[in-house]
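Visitor: Please give me a close look at one part here: the contact between the chains. Then show me what lies around it.

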Number of protein chains: 2
Amino acid sequence: MTSSRATLIQVAERAGVSLASTSRALHGSGASEAMVERVRAAADELGYSPDVSGRSLKLGRTFQIAFAVADIGNPVHAKMMAALHEVLAPHGYRVVVMTTGDTPESATELVRSLGSGFVDGMVVSPPHTDEELVRAVRRAPVPVVAIGRSLGAHGVDSVSTDSAAGVGQAVRHLVETGRRRIGFLNGPPDTSPGAERKRGFDDAVSAPGFAAERVDVALAEDFTVVAGVAAAHRLLAGAPRGGARLDAVVAANDLLAIGTILAARELGLSVPEDVAVTGMDDTEMGRIFQPSLTSVSLGSAELGRAAARIMLRLVEGKADEPRETPVGPRLVVRESTGVPPMLAGAVRKGAL
Amino acid sequence: MTSSRATLIQVAERAGVSLASTSRALHGSGASEAMVERVRAAADELGYSPDVSGRSLKLGRTFQIAFAVADIGNPVHAKMMAALHEVLAPHGYRVVVMTTGDTPESATELVRSLGSGFVDGMVVSPPHTDEELVRAVRRAPVPVVAIGRSLGAHGVDSVSTDSAAGVGQAVRHLVETGRRRIGFLNGPPDTSPGAERKRGFDDAVSAPGFAAERVDVALAEDFTVVAGVAAAHRLLAGAPRGGARLDAVVAANDLLAIGTILAARELGLSVPEDVAVTGMDDTEMGRIFQPSLTSVSLGSAELGRAAARIMLRLVEGKADEPRETPVGPRLVVRESTGVPPMLAGAVRKGAL
DNA sequence: TTGAAAGCGCTAACAG
DNA sequence: CTGTTAGCGCTTTCAA
């Protein structure tokens with residue numbers, strides 16, 4: 001361990017040629033056949049591999065891209081990161097993980113840290129935004145690509161799914177399959193996903209030709225199963241204005257949807273017979289859960305890939321002008337909205 | 001964007017003092033109150049932040065640690081990485097993600113790439129090992145910590161759970177709760193987890209006082225739900241030597257366990273009444289699945305944390321001698337082995 | 001095509 | 001306590 005590494009100078013000495021020629025022979029152009037061979041041989045004998053720090057200092061590039069999210073343990077974020085890595089690694093870029101925490105302040109600090117030049121760019125997906133953060137991104141010395149709408153709205157390069165449209169897809173699917181009393185279980189509406197999903201629901205139910213009889217809304221304290229159970233209880237238990245019970249719930253993500261199903265069970269309701277439930281995010285958990293979850297895929301992997309592609313263009317200097325790149329949401333219909341059970345078949349066909 | 005960054009020299013000029021004093025005032029010791037204040041002010045005005053490449057080159061340290069696994073999209077690996085990051089970040093270390101792919105060759109290549117000095121150490125969890133990889137690790141110019149037994153056995157610093165012991169816990173739990181005809185659903189036994197789980201099962205059933213009537217084994221082609229369904233069919237459908245059907249299945253991980261439960265349903269068997277099922281890894285999916293899965297926690301987060309702590313000591317030069325650090329497995333009993341349903345209560349208490 | 005030399009931004013040894 | 005200076009490893013002008 002910790003054997004000392006060979007430097008370019010040593011390779012040059014060994015090959016009996018100049019430093020410059022050595023560098024050229026290994027990397028750049030303009031070296032004779034003989035030179036290349038000679039230097040290669042020397043390099044191999046010494047087990048030489050070029051030092052990244054020296055190279056970075058000279059070139060002003062690190063070949064590293066940062067990925068910053070609130071919580072990298074979150075499967076959605078992990079998936080994004082995997083996609084990012086998948087696209088960037090073949091181009092010689094390493095991915096550095098960072099966590100922003102929950103507040104825009106800490107995200108801002110992270111963006112500011114770009115000043116120390118440890119990466120050539122940053123892909124960031126902040127849970128909240130404020131003016132400071134936007135300003136920091138604008139001033140960043142390297143390209144920043146945002147995932148999510150919050151920053152994109154401020155002229156930052158960004159990719160995002162139209163999750164509002166996704167909620168609309170879910171609502172229309174429910175109405176088309178005969179549901180008439182629809183509940184909406186959202187998370188905190190002061191978060192960016194919460195706000196958008198709210199907008200999506202409001203738009204959907206106020207669209208011309210919307211055919212439901214009744215609409216209720218409940219807010220969970222958080223986008224988690226536990227919070228979902230509690231809030232879904234309120235939604236399903238009460239029959240507010242004396243009407244009949246809800247026959248469908250649109251949940252703002254898969255975790256809340258699972259919470260809703262658990263709550264329904266506790267209340268003796270069966271899913272999807274008594275009440276249909278839709279989720280959002282199309283998580284593996286939702287696919288495996290029973291009944292499997294009808295869910296709107298926001299394509300976190302696709303978001304990661306798209307962000308990576310934009311970043312590649314940016315760091316290679318092909319500066320398009322900043323713009324929002326939409327990634328389309330997609331409704332994946334499964335058992336929780338009343339499609340006949342076909343699990344066995346689906347499993348065999350690899351749909352799981 | 002891409003505004004040019006201030007250098008230490010510029011700060012020095014602005015403050016009207018020498019370069020060395022500027023450096024000292026900002027970082028090191030030995031600078032007067034007045035000097036510090038003066039330099040700080042200049043630095044602030046210029047929005048200075050120290051360049052990482054220059055610093056790395058001089059110091060010979062990057063304050064980066066690599067984390068290399070086969071597939072960072074795998075939730076287990078994602079969890080490890082989150083834990084690693086959680087421990088390392090507060091100490092000023094960044095985490096760089098790398099993927100080894102499936103073969104020991106590509107892992108070896110990754111370890112060799114440490115020669116280019118882009119990180120101060122690497123935490124690696126290779127799916128397979130060979131002699132070349134071990135040699136590469138030994139020769140690595142920076143500390144390497146392995147997660148998993150395969151490398152640890154060769155004198156490399158490592159953390160691992162005794163998953164063989166974990167299988168034993170599952171088997172004993174089943175016998176203690178009255179099961180007598182036990183199947184073992186393993187993944188490919190030529191993988192390191194497969195081999196260990198096999199050993200664990202063999203040990204458990206050949207232990208003195210082992211009280212089962214019958215033992216069957218099936219191999220899934222992969223550690224996935226789909227492969228699990230197929231293999232579990234074979235295990236549960238046939239009643240080989242004419243005996244009664246199995247009343248318990250120990251699956252080598254949670255995905256296979258879920259596959260087993262799905263297969264059991266297709267065969268009209270109910271879990272846990274007709275057949276008890278245990279998993280391994282204690283995944284979120286297993287907790288949420290219905291019936292919730294009794295599972296052996298191998299503590300991927302704890303492994304990540306432990307690996308990070310060892311790495312910190314190593315990069316700070318406190319070289320303990322290489323050793324294996326065990327992280328204990330833990331059986332988490334849930335519904336799939338016949339514990340009365342208490343989901344509602346558990347959910348409310350936040351056990352989900 | 002090859003070599004000599006400058007310098008990326010920083011820290012630390014040395015001298016004052 | 002402060003300043004001068006060398007040099008980490010590399011790439012790249014500029015001359016030959």
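Guide: The contact takes 52 residues from chain A and 52 residues from chain B. Keep in mind that this is a predicted model. Look at the side of chain A that touches chain B. Several elements give two or more residues to it, among them α4, α5 (75-88), β2 (94-99) and α7 (131-139) of chain A. Further along the chain, α11 (225-237), α12 (254-266), α13 (284-288) and α15 (343-348) of chain A do so too. The largest share comes from α5(A), with six residues. What classes of residue make up this side of chain A? It has 28 nonpolar, 16 polar and eight charged residues.

Now zoom in on β2. In general, strands of a sheet pair through backbone hydrogen bonds, either parallel or antiparallel. Here the pairing crosses from chain to chain: β2(A) pairs with strand β2 (residues 94-99) of chain B. The sense is antiparallel, and there are three bridges. Find A:Val96. Opposite stands B:Val96, in β2(B).

Next, follow α4(A). This helix gives residues to the side that touches chain B. The helix also gives five residues to the surface near DNA strand D, the largest share of that surface. Which residues come nearest to DNA strand D? Out of 27 around the strand, they are A:Leu8, A:Ala20, A:Asp51, A:Gly54 and B:Ala20. Both chains take part. Chain A offers two or more residues from each of α2 and α4, and chain B does so from each of α2, α3 (33-46) and α4. By class, this surface divides into 13 nonpolar, nine polar and five charged residues.

Turn to DNA strand C. Here 26 residues lie around the strand, and A:Ala20, B:Leu8, B:Ala20, B:Asp51 and B:Gly54 come nearest. The elements of chain A that give two or more residues are α2 (19-26), α3 (33-46) and α4 (52-59). Those of chain B are α2 (19-26) and α4 (52-59). The largest share, five residues, comes from α4(B). The classes are 13 nonpolar, nine polar and four charged.

Step back into chain A and find its open sheet. Six strands run in the order β7-β6-β8-β9-β10-β12, with mixed pairing. Which strands stand at the edges? They are β7 (214-219) and β12 (330-332) of chain A. Each has a single partner strand, so one side of each is left without a neighbour in the sheet. From one strand to the next, the twist averages 20°.

Helix α9 (residues 163-176) of chain A packs on this sheet. The helix touches β6, β8 (248-251), β9 (276-280), β10 (294-297) and β12 of chain A. Its direction makes about 170° with that of β8(A).

Look next at β6(A), residues 181-186. This strand runs parallel to β7(A), and six bridges join the pair. Two of the bridge partners are easy to find. A:Ile182 has A:Val215 as its partner in β7(A). A:Leu185 has A:Ala218 there. Why is β6(A) largely enclosed by the rest of the structure? Five of its six residues are buried, so little of the strand is left out of that enclosure.

Cross to chain B for one residue. B:Glu196 lies in helix α10 (residues 192-205) of chain B. Is B:Glu196 buried or exposed? Buried means 20 or more C-beta neighbours within 10 Å. B:Glu196 has 23 inside 10 Å, so this residue counts as buried. Leaving out residues up to four places away in sequence, B:Glu196 touches B:Arg149, B:Ser163 and B:Ala164. B:Arg149 is 47 residues away in sequence, yet the C-alpha atoms are 9.0 Å apart.

Finally, take in chain A as a whole. Its secondary structure comes to 15 helices and 12 strands. Its C-alpha atoms fill a box of roughly 90 × 50 × 35 Å along the principal axes. The radius of gyration is 26 Å, while a compact globule of 352 residues would have one near 20 Å. Buried residues make up 50% of the chain. Take the contacts between residues at least 6 apart in sequence: 70% join residues at least 24 apart.

Note on methods
Residues numbered from 1 in each chain as written. Chains lettered and ligands numbered in written order. Predicted model: local features only at pLDDT ≥ 70, side-chain atom pairs only at ≥ 80, totals over all residues. Helix = DSSP H or I, 4+ residues; strand = E, 2+ residues; numbered from the N terminus. Rg over C-alpha atoms; globule rule 2.2 N^0.38 Å. Buried ≥ 20, exposed ≤ 12 C-beta atoms within 10 Å, placed from the backbone. Contact = placed C-beta atoms within 7 Å. Near = placed C-beta within 6 Å. Nonpolar A, V, L, I, M, F, W, Y, C, P; charged D, E, K, R; others polar. Pairing = 2+ DSSP bridges. Axes fitted to C-alpha atoms, helices over the stretch in contact; angles between N-to-C directions.
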